[in-house]
Amino acid sequence: MKMKYLNYVLCAAVCTVTTMSCGDSIPTYLDEEAPIEERVEDALSRMTLDEKIDMIHAQSKFSSKGVPRLGIPENWLSDGPFGVREENLWSKWGKAGWTNDACTALPTLTALAATWNPDLSLLYGTVLGEEARYRNKNVILGPGVNIFRTPLNGRNFEYMGEDPYLASIMVVPYIKGVQKSKVAACVKHFALNNQEANRSKINVVVNDRALHEIYLPAFKTAVKEGGVWSVMGAYNRYRGQFCCHNEYLLNDILKGEWEFDGVVISDWGGTEETMQAVTNGLDLEFGTGTDGMTVDSGDPYDSYFLADPYKKLIQDGVVGMEELDDKVRRVLRLVFRTTMAKDRPYGSFVSEEHFRACRDIAQEGVVLLKNEDSLLPVAKGDHKRILVVGDNAARTLSNAGGSSMLKPKYESLTLDAIKEYVDGASEVTYLRGYQAYMPGYEPDDTERLRQEAVEAAKKADLVIYVGGMNRWAYQDCEGRDRQNYELPFQQDALIDELLDANPQTILVLHGGTAFSMPWREKAKAIIYAMYGGSENGHVLSDVIFGEVNPSGKLPFTIAESLTDYPPHALGTYDPTNKGDVNYDEGIFVGYRWFDEKGIDVPYPFGYGLSYTDFEVGKAKLSSKRIRPGRSLKIRVPVTNSGNRRGAEVVQLYVKDVQSSLPRPEKELKAFQKVWLEPGETKYVEMLLTKEAFMFYDPEKQDWVAEKGEFELMIGTSSRDICETIRLDLISRGEKRPSCIKVMSYNIRYDNPNDGENCWENRKEATLKMIDELRPDVFGVQEALAHQVRYIEENSPEYASVGVGRDDGKEAGEFMSIFYDRSKIRLDDWGTIWLSQTPEKPSMGWDAWCPRTATWAEMEIIETGQKFFYVNTHLDHGGRNSRRNALDLIIATIKEKNQEGCPTILTGDFNVSPDNDFTLESLRTFMYNAAETASHADTVATSNAFGKREGKHIDYIWWKGFRTCKEYRVVRKEYSGIKYVSDHWPITAEFIVP
Ligand code: BGC
């Protein structure tokens with residue numbers, strides 16, 4: 001039935017436009033299997049000028065036209081960014097009054113950023129995408145990633161904080177989550193929209209470094225890594241041009257440098273003139289208020305800048321079709337990516353899973369600022385009388401804030417959630433304490449409400465204060481900035497008196513920005529609650545009563561006073577200014593500024609407590625030197641030393657010690673959140689790529705990494721640094737050829753009778769040695785399965801391939817090749833079997849252990865260099881088997897060496913009375929193997945070769961690598977490891993051609 005209808009529609013659409021008969025195959029643009037670009041070109045070629053013009057501007061407040069004649073649907077957009085907004089009237093701001101559009105309200109984006117958990121960002125985007133799809137929207141107007149520059153910005157709560165790296169990491173999964181549902185995310189507001197005061201008038205003056213290092217990175221990652229399908233321009237001007245049609249931002253950077261192929265959508269009413277809108281990168285115009293809007297006859301949207309005025313320019317020959325076709329192509333691409341995409345899912349709305357996701361996200365976004373005397377968490381029933389005070393305890397918060405306001409299906413209130421949790425175990429009373437009001441409309445009962453609350457607090461056993469900001473105008477709300485840094489509604493006086501009246505007062509403060517906390521020294525417990533969306537109340541009660549251990553970290557700095565923040569310290573913020581706004585602080589925004597000026601702050605960026613304690617151990621680096629183009633791995637052990645499950649966020653900041661331009665004291669370049677059970681230790685791993693060391697050079701108009709010294713700071717906030725490590729960046733000129741470090745290692749002992757050599761005694765030392773030598777690849781001989789497993793589990797960056805007897809109690813059963821997963825890729829591996837040989841010796845080594853070697857075909861990920869690795873063990877055993885073993889290894893090298901792969905051979909030999917090896921025969925074997933390999937330049941062995949007759953000889957042999965950079969025999973450096981040979985383990989570095 002459905003199919004029939006579809007066929008009918010397609011056929012009807014096509015037959016009306018083309019000369020094609022209904023029996024013909026479907027046109028390319030309708031063919032879901034055809035590549036998008038072909039569909040775009042085909043559709044474009046069928047469109048008239050009017051249809052093209054119609055497609056690039058709004059037809060209502062939130063929709064734009066498709067091409068009905070061709071069966072191309074309309075675009076339906078919606079705010080964004082925390083949920084799918086309720087339906088708006090067609091042409092006016094106002095609620096449409098639908099009864100089926102109440103959504104899941106997700107936490108605000110500062111709350112999401114405070115989780116420091118990219119997985120939750122993916123979950124967030126997934127929920128949002130599913131809800132948007134269900135509501136038939138194909139563009140969701142979010143996420144917002146403008147940087148927190150002043151705490152007064154009314155829209156900080158819609159963004160992801162003050163740090164470009166944090167915002168960059170968190171924005172990508174959000175986009176991917178949304179777009180999975182074939183709904184476009186729309187990253188906004190591009191760019192430099194950092195205040196609401198006179199947002200449609202001001203012209204931002206910022207230097208190139210700050211533009212590229214602070215204000216653009218999150219947009220760039222949204223495009224380059226998130227693959228976002230649409231971008232919204234900002235209201236403000238930059239370089240004198242409005243950002244919705246700004247040549248430098250849109251044409252040069254976004255579409256030029258970043259190769260963005262999606263749609264640039266104007267902010268609502270952000271288009272200001274036709275010619276620039278035509279030429280400077282705008283694709284889709286929305287929200288323009290024109291005279292035409294009040295005219296009843298005709299289509300008022302025809303008077304949009306990109307409607308009739310544009311058409312006239314084309315008809316008059318002032319501009320050609322090139323720009324128009326580019327815009328239409330982009331809008332068509334959007335359509336084929338969303339509404340006309342193959343396998344477009346159906347989405348889902350206000351499902352249980354969505355509310356669960358909302359709760360999970362909000363829980364990790366709560367930041368515990370202070371907790372003295374372990375006032376938190378509160379044990380159920382421990383307090384007879386609980387007094388809840390504060391307007392926010394009994395107010396929904398998601399249904400305000402400007403364009404991000406939502407109509408949630410429900411929003412749990414904190415007061416209700418507390419009562420629900422306590423369930424009669426304490427007596428819970430509530431007093432408002434203050435009343436929210438708009439500036440200038442102070443209610444006359446402020447004093448009375450305060451007195452009432454303070455008196456009641458004296459009699460309570462515990463006071464839970466739920467206040468802070470709300471989402472009304474002049475608070476966390478679009479369109480206007482805050483008027484001061486203090487909490488609104490005279491809360492400071494109330495909080496101060498409450499704390500005097502009852503020190504057992506927990507402060508729960510909502511907000512999406514920083515505010516002053518003059519009473520903070522007096523307070524024992526402060527929770528920064530952000531805005532939790534639909535599950536706000538439940539989440540706060542979960543945190544208060546310890547059902548959830550807070551793990552959020554501030555995505556912005558809370559400074560003592562407003563004048564601590566750069567625009568206010570420098571006097572460049574003036575809400576009445578309609579002209580140039582000078583970002584004189586340059587790159588010193590947020591913690592970069594506070595560090596630079598040495599300003600103490602109460603709650604730094606990255607800060608947040610837990611109900612448990614953590615110990616961050618010593619970090620291990622994959623190298624102390626790094627050259628441009630290489631990456632660096634950092635492993636840090638974290639232990640939960642308290643008695644509750646909890647999460648810590650390990651943060652890695654980089655400082656450029658020697659630089660030709662001023663650089664910040666520290667910049668966040670990696671982080672990792674880790675959940676730990678009490679007593680548990682886990683290693684977090686962070687990767688630094690070359691970007692982490694770079695700055696934007698305004699002279700070169702490019703990113704550069706200068707050689708010299710850097711510092712890596714590992715901490716739990718931007719001001720709690722546990723360890724600082726120095727590092728050298730080697731310049732391109734001094735570029736080292738890529739190196740591969742090989743180790744040969746024999747584990748052997750597993751018997752308690754082996755005394756100090758037994759595995760129990762050696763295993764920690766083994767790990768330590770591996771950590772210090774950090775080989776890229778290493779062969780292990782004579783290991784037992786559990787020993788190999790132990791290394792793998794405790795050095796998770798290494799993977800192994802290996803062979804062994806399954807039953808094995810005997811040493812020698814495992815020969816393993818370990819490799820660093822981030823550096824080496826395994827293509828194939830296998831085993832060389834002795835017992836598959838035609839001769840079947842009755843005794844000896846091959847009967848005891850029929851595998852003689854493990855081989856692996858590997859690749860160095862960064863360079864793509866392939867190599868072949870053999871790890872062998874040739875020990876006691878019968879004469880025949882021994883000769884066989886050598887022959888087999890050579891045969892395998894021969895076979896695998898067809899493509900001229902460099903070969904590495906590691907292992908251990910024993911020249912002993914019970915085999916027929918002599919040093920001479922082994923030497924012959926080595927040279928034979930060398931002849932076999934097709935790259936005949938270097939052969940080398942351990943310097944033990946020839947000297948240790950009658951003992952084990954560990955060796956590394958290589959073939960085809962240009963030269964051995966460094967050859968090291970590691971002796972007795974690792975306490976707890978002794979071995980019969982003092983040439984063990986051996987490591988060597990090879991230069992890869
Ligand atoms: C806001 C945008 C929003 C749009 C549509 C504008 O005022 O700046 O963020 O998406 O309205 O509501």
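D702 sits at 42% relative accessibility, so this residue counts as partly exposed; the band for that label lies between under 20% for buried and over 50% for exposed. Keep in mind that we're looking at a predicted model here. As for where D702 lives, look in strand 25, which covers residues 702-704.

D702 also has some acidic company. Together with E247, D252 and E257, D702 makes up a negative patch on the surface. The biggest contributor to that patch is helix 9, residues 247-257, which supplies 3 residues.

Now for the sheets. One of them is open and built from 4 strands, running 8-7-5-16 with mixed pairing. Strand 8 (241-242) and strand 16 (580-582) take the edge spots; each has a single partner strand, so one side of each has no neighbour in the sheet. Zoom in on strand 8 and you'll find strand 7 (residues 237-238) antiparallel to it, joined by 2 bridges. Within that pairing, Y238 faces Q241 of strand 8.

What holds such strands side by side? In general, strands of a sheet pair through backbone hydrogen bonds, in either a parallel or an antiparallel way.

Another open sheet has 5 strands, in the order 19-27-26-21-22, and its pairing is mixed. Its edges are strand 19 (625-626) and strand 22 (667-676), and because each has just a single partner strand, one side of each is left without a neighbour in the sheet. For strand 22, follow the link to strand 21 (residues 646-656): the two are antiparallel and share 9 bridges. To find a spot in this pairing by eye, go to G646, whose bridge partner in strand 22 is L676.

Notes:
Residues numbered from 1 in each chain as written. Predicted model: local features only at pLDDT ≥ 70, side-chain atom pairs only at ≥ 80, totals over all residues. Heavy atoms only, no water. Patch = residues over 30% accessible without salt bridge, like charges linked within 9 Å, V, L, I, M, F, W, Y side chains within 5 Å. Areas by Shrake-Rupley, 256 points an atom, 1.4 Å probe, with all protein chains shown as cover. Salt bridge = Lys/Arg side-chain N within 4 Å of Asp/Glu carboxyl O. Lys, Arg positive; Asp, Glu negative; His and termini not counted. Charge placed at Lys NZ, Arg CZ, Asp CG, Glu CD. Buried < 20%, exposed > 50% of the residue type's maximum accessible area, 1.4 Å probe, protein only. Pairing = 2+ DSSP bridges.
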